[in-house]
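Dear colleague,

I am passing on the structure below, and my notes on an enclosed space and on one helix follow it. Please read them with the structure open.

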Amino acid sequence: MPSQLIKERYFTPHAQKSPFVQHCTLFQDIVIRCVRYAFANIPATIGKVFFSKPVALPFFRFRMLRHGFLRSPIYWRETDKPKGIFMIHDETRRPDVVVYYCHGGGFSMGSSFFYIEFLLAWVSLLHDEAGYSNPALFALEYTLVPEATYPTQVQQTLSGYKYCLELADGHPERITISGDSAGATLILSLLLVLSNYSSMRDKLPGLAIPISPWASIISSKNQNTASDYLNADSLHLYGSQYIGTKASNDDALVSPGHCKDLARWRRASPTLGWFFVYGAEEVFAPEAKDMIALLRQAGLSVEEHEEEGWIHAWPVVKLYLGNGQEERLSGLRAVVGFMRERIPVSKRT
């Protein structure tokens, strides 16, 4: 890795560098190269430890202390049924907007605790910049493989959404469902599940914001790029573990990108529209574009933000690796701006 970094960064003409290296800082370059190596060569069992609560939560508390915070400025707590993290601006009042988030990690690693800084920043922006009076967010902790395979994670996602419906107090249009990578897969599957039940079709969320969605679990379009840290072979392995032995990659609830039924997507569509966020240089970009084209073909309201020169789950990556606050929050600001356009600010308490 050191020799590759030095060669590309300092001895390769600018036009011949990978799109990400052309604009990233040295720190960002080093971190992404390390992540790329780890994703391709280190077993998920080790990655699972790094992203787990016992590692991620102390790291979060350390970062708070570095900035002078002894306690979180936004209230949050763990939940048991469903399992996850709940956070809200003011715990004494009902929320006026709710975000439901599913984390990424290839179904094999990751936890809401690794994302906690990202999620708290989301709630903060919703209140301080978008003007919502009491935003809330629930992040689901679903079971990772190999402890469980499909459909366990989809069932848990449905349970988490029902919890968010309670938080929204009969106003599903004020719920935004979102997730990155495998988490975005789960929210796409959730919408298809909701479309299957007539009793749930009037409880569809207002918005869906898939971030770098893994739309088709096993796909020939999921190919390595010069910039991204994802590895196609590892994705195939993780995806196969998620599918298990009793399901099929062709099942729409497993791989939502394989659902080409326009009428079904119309039934499953959030009431206020879609917002896809992905990096131009990431492995999943082709499948994300296909998904967007399909939904538009169905006549649905779909907007997208393709970040030029950037990689998988870039809003999350930028929050941790960004060079200054403006870059760190740029992805979240795009998401919050879309929410503010579609979900009116309410004074409801």
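How do the residues of the lining of the largest cavity divide into nonpolar, polar and charged? This is a predicted model, in which local features need pLDDT of at least 70 and side-chain atom pairs count only at pLDDT 80 or more, while totals for chains, interfaces and linings use all residues. Residues are numbered from 1 along each chain as its sequence is written, and side-chain values use heavy atoms, with hydrogens and water left out.

The lining divides into seven nonpolar residues, no polar ones and one charged (Ala, Val, Leu, Ile, Met, Phe, Trp, Tyr, Cys and Pro count as nonpolar, Asp, Glu, Lys and Arg as charged, and the others, Gly among them, as polar). The lining residues, those with an atom within 4 Å of a point of the cavity, a set of points on a 1 Å grid over the protein atoms alone where a 1.4 Å probe fits but cannot get out, are A56, F59, F60, F113, F114, I116, E117 and Y320. Helix 4 (53-66) and helix 5 (116-128) each supply at least two of them, and the largest share, three residues, comes from helix 4. About 40 Å³ of space lies in this cavity, and a search of the whole structure finds one cavity of 30 Å³ or more.

Turning to helix 2, its buried residues (under 20% relative accessible area, 1.4 Å probe, protein chains only) are Q28, D29, I32, R33 and F39. Seen down the axis of helix 2, these fall within an arc of 130 degrees, taken from the directions from the axis to the C-beta atoms, so they line one face of the helix.

Best regards

Key. Buried means under 20% relative accessible area, exposed over 50%, partly exposed in between (1.4 Å probe, protein chains only). Helices (H or I, at least four residues) and strands (E, at least two) are DSSP runs, numbered from the N terminus. On a 1 Å grid over the protein atoms alone, a cavity is a set of points where a 1.4 Å probe fits but cannot get out, and a pocket is an open set with protein on both sides within 12 Å along at least five of seven lines; lining residues have an atom within 4 Å of a point. Grid points are joined across faces, edges and corners, and a volume is the space filled by probe spheres set on the points.
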